[in-house]
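Please open the model in a viewer and keep a selection panel at hand. The tour below proceeds by selections, each followed by a description of what is found there.

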Amino acid sequence: MVANAVDSTRAPLAIDLVDVTKMYAGRVHALQGVSMRVPRGEIFGLLGPNGAGKSTLVKIMTTIVRATTASGTILGAPVGNRPTLARVGYLPEHHRFPQYLTGRQCVEFFGAMSLMRRTDRKRRASEMLEVVGMAAWGDRRVGTYSKGMQQRTGLAAALVNDPELVILDEPTDGVDPVGRHEIRDVLLRMREEGRTVFLNSHLLGEVELICDRVAIMLKGRVERQGCLAELTQDSRRWRVSIEGAMPSWVAGIGATGEDRGRAHVEFKADDVDELQRLIDRLRAENARIVGVTEQRESLEELFMRLVRDVDGRTSAVGASNVNASMRIPR
Amino acid sequence: MNQARNSARVSDQLHSLYRTHLTLSDYAVQTWGLFVSAYRELNARKLFWVALALNALVIGAVAAVGIDETGISILGYDLDIPGVTSKMFPDGQLYKTIISALGVGFWLSWLSTILALLSTASMFPDLATGGVDTMLSKPIGRTRLFLTKFATGLLFTALQVAVFAVLAYLVLGIRGGVWEVGIFVVVPLMVVFFSYLFALQAVVGMVTKSPIASVIVTLLFWIFIFLVHAGEQFTLLGSTASRLEIEGIEAKAASLQTDEARSGLATPLESAKRANENWQLAHGIFYSAKTVLPKTTETAGLVTRALAVAANIGSESDGEGGGGEDENTRRQRGFFRSQFVSERKLRAAMNEEMSSRPVWWVVGTSFGFECVVLAAGIWYFRRRDF
């Protein structure tokens with residue numbers, strides 16, 4: 001675990017944000033000192049409920065929104081460095097491409113905006129349309145496309161400049177299950193090619209399936225970030241199930257229970273030696289062990305727990321305020 | 001750590017799009033891309049093709065007119081208008097006059113400009129809403145993006161007027177027998193004319209994100225500057241007429257032999273002087289306002305003047321001298337006639353005053369206004385979060 005942390009610190013970072021803040025007019029504090037480190041060649045998932053500040057953060061990285069304060073680097077250059085954007089691919093949420101262009105023209109146009117020369121962008125546009133499964137529809141106008149087709153074309157446009165860093169905001173929004181699977185494959189292929197993928201998504205299952213690391217943002221702050229294993233480390237439990245009743249001494253080790261004639265005990269263990277000792281003692285008492293499984297929180301469970309924790313904190317603060325100053329007089 | 005960063009930097013530099021700064025050829029690639037996209041947008045708009053068809057129709061109407069030694073005809077049907085023969089309009093002057101008055105003075109200066117404003121109305125609202133995310137995430141500065149978008153908006157007028165100029169050139173050559181290259185001056189002048197209005201439309205469209213609002217505000221502003229122009233012309237006439245009145249009275253007084261006769265002119269002279277002071281004050285106000293506003297009428301007048309010079313239309317012999325004068329001005333001139341100010345004298349004085357206004361004043365101060373409006377738009381665009 002520690003070794004992993006050291007590795008990630010030493011790895012060249014695609015994104016290294018330090019203390020990014022954004023205050024909108026009306027004193028809305030959208031980001032409150034966000035720091036984030038995304039190693040190269042990984043798929044990084046950014047999670048958070050609506051209004052957490054995810055899109056603002058993504059837009060600051062792509063210079064669409066100006067940060068109130070920001071330091072750090074994107075692909076080794078300071079945040080906001082314009083020439084670096086030529087090596088970044090971006091698919092915004094709810095994007096609207098020019099309806100009068102064909103899919104191919106649209107992809108080529110964004111290639112030109114990313115400084116690609118004519119022959120290169122024509123070649124890459126054809127390749128990318130092929131990759132996202134839009135080759136057969138490439139010469140039809142974007143205005144005639146379904147939502148899913150527009151999303152695929154957007155993905156092709158984000159990839160046309162052979163980007164080192166791809167930032168995708170809800171890439172599977174409006175795409176059918178088959179399309180989602182295909183897009184997932186594209187993202188995995190990008191990782192194999194050494195690209196960094198920064199994925200902003202609401203779909204926790206999807207993120208859990210493909211992301212190497214995640215960050216969870218709540219109310220303008222990063223609550224947790226790291227590998228999924230790191231994040232769920234605290235929740236790791238062992239569950240040992242036996243046939244029949246559990247010996248009484250087991251209750252001192254962890255929580256016990258019964259389910260369809262089988263008893264089980266669940267306990268937290270940082271190393272497997274403790275587990276071995278339990279198994280040895282149970283075997284010594286002729287208990288018939290039918291299962292030993294490692295239990296962890298899913299990403300969704302972790303996410304929901306954090307949301308509840310933060311909401312609890314907020315409402316506790318809110319409640320104390322009410323108690324102090326807003327109690328309705330009798 | 002440093003080693004890792006260095007290796008990252010080396011791998012960054014291997015990418016074909018690695019840049020520490022953008023070069024001129026990078027700018028060219030993006031600018032060309034934006035212009036091609038703008039052309040495709042125009043191509044997809046019905047209004048663009050409608051305007052082109054109307055262009056052809058206007059020039060077709062000119063070409064439908066025939067004139068020879070025997071008389072004038074339209075689409076081959078002879079019109080019984082005595083005296084109107086090719087002797088009266090030598091060297092294709094009939095075609096030049098129609099193209100100048102109908103083609104430039106009416107079609108290009110009014111209808112085509114309104115069509116261009118309508119056709120480009122959604123350009124900046126679209127930029128401020130749907131497409132801006134993807135555009136700003138590319139290595140293009142906001143100022144350059146705004147100005148390039150603005151330049152692509154002028155493409156509509158440039159293409160329309162270019163087609164008009166080519167057709168007019170062919171009609172002049174084939175029907176009038178005069179191959180007049182000077183007609184192509186209409187292209188840059190009309191683009192400049194349109195750019196004054198489009199600057200305002202672009203900024204209003206960017207701020208309000210509404211194509212309709214941007215068109216309405218621009219048309220209202222166009223009417224406003226036209227009214228300021230009309231007011232300036234009217235007060236200039238008043239000021240010039242009262243000055244001529246004073247000169248006329250003084251000349252008359254000098255010609256009289258007796259003091260008694262001269263004293264009879266003292267009251268009208270005093271009255272004319274007071275009127276002149278008032279007219280000058282009023283004209284000064286209008287002139288100041290006009291100086292800081294775009295001068296659409298005068299710029300269109302420059303087109304007509306340039307066309308007239310190039311095509312030898314509107315010489316002193318036709319009695320109007322300068323081409324930009326309309327019925328309203330003629331009526332106003334009649335209003336200021338008196339026993340000391342003849343219409344001919346007033347017309348000559350007005351022409352002298354108008355022709356003394358240099359081209360740089362007409363175009364330069366209008367450009368000044370345009371630059372201020374665009375600077376405000378750029379300031380807004382650069383500051384905004386999308």
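Begin with chain A, where the C-alpha centres of domain 1 and domain 2 lie 45 Å apart. To colour the two separately, select residues 2-231 of chain A for domain 1 and 237-295 for domain 2, as the domain assignment gives them. Please bear in mind throughout that this is a predicted model.

**The sheet of chain A**

Within chain A, select the open sheet of four strands, whose order is 2-1-4-5 and whose pairing is antiparallel. Its edges are formed by strand 2 (28-39) and strand 5 (77-78) of chain A, each of which pairs on one side only. Next, display strand 1 (residues 13-24) of chain A beside strand 2 of chain A: nine bridges join them in the antiparallel sense. One pair to label is A:L17 with its bridge partner in strand 2 of chain A, A:M36. Then add helix 2 (residues 54-61) of chain A, which packs on the sheet and touches strand 1, strand 2 and strand 4 (69-74) of chain A. The direction of this helix makes about 115 degrees with that of strand 1 of chain A.

**The interface**

Now show both chains. Which elements of chain B give two or more residues to the side that touches chain A? They are helix 1 (2-13), helix 2 (24-44) and helix 6 (132-136) of chain B. In total, 35 residues of chain B are in contact with 32 residues of chain A. Helix 2 of chain B supplies the largest share of the chain B side, eight residues. Coloured by residue class, the side of chain B that touches chain A divides into 13 nonpolar, 12 polar and 10 charged residues.

**Helix 2 of chain B**

Select helix 2 of chain B alone. The helix has 21 residues and reaches 30 Å from its first C-alpha to its last, close to the 30 Å expected at 1.5 Å a residue. Show side chains for its buried residues: B:V29, B:Q30, B:G33, B:L34, B:S37, B:A38, B:E41 and B:L42. In an α-helix, residues three or four places apart point the same way, because there are 3.6 residues a turn. The buried residues of helix 2 of chain B pack against helix 3 (103-113) of chain A, and also against helix 3 (46-64), helix 7 (142-153) and helix 8 of chain B.

**The sheet of chain B**

Zoom out to chain B, which has 16 helices and three strands. Of its 386 residues, 36% count as buried. The three strands form an open antiparallel sheet in the order 1-2-3. Strand 1 (65-67) and strand 3 (77-79) of chain B each have a single partner strand, so one side of each is left without a neighbour in the sheet. Neighbouring strands of this sheet are turned by 35 degrees against each other on average, direction ignored. Strand 1 of chain B pairs with strand 2 (residues 72-74) of chain B over three bridges, in the antiparallel sense. Here, B:I67 stands opposite B:I72 in strand 2 of chain B.

**B:R175**

Finally, select B:R175, in the loop between helix 8 (155-174) and helix 9 (186-208) of chain B. Why does B:R175 count as partly exposed? The residue has 17 C-beta neighbours inside 10 Å, whereas a buried residue needs 20 or more and an exposed one has 12 or fewer. Leaving aside neighbours within four places in sequence, B:R175 is in contact with B:A63 and B:Y95. To end, draw a C-alpha to C-alpha distance from B:R175 to B:I285: the two are 110 residues apart in sequence and 48 Å apart in space.

How values were computed. Residues are numbered from 1 along each chain as its sequence is written. Chains are lettered from A and ligands numbered from 1 in the order in which they are written. This is a predicted model: local features need pLDDT of at least 70, side-chain atom pairs count only at pLDDT 80 or more; totals for chains, interfaces and linings use all residues. Two residues are in contact if their C-beta atoms, placed from the backbone, lie within 7 Å. Ala, Val, Leu, Ile, Met, Phe, Trp, Tyr, Cys and Pro count as nonpolar, Asp, Glu, Lys and Arg as charged, and the others, Gly among them, as polar. Two strands pair if DSSP finds at least two bridges between them. Axes are lines fitted to C-alpha atoms, for helices over the stretch in contact, and angles run from 0 to 180 degrees between N-to-C directions. Domain bounds come from an automatic or database domain assignment. The expected span of a helix is 1.5 Å times one less than its number of residues.
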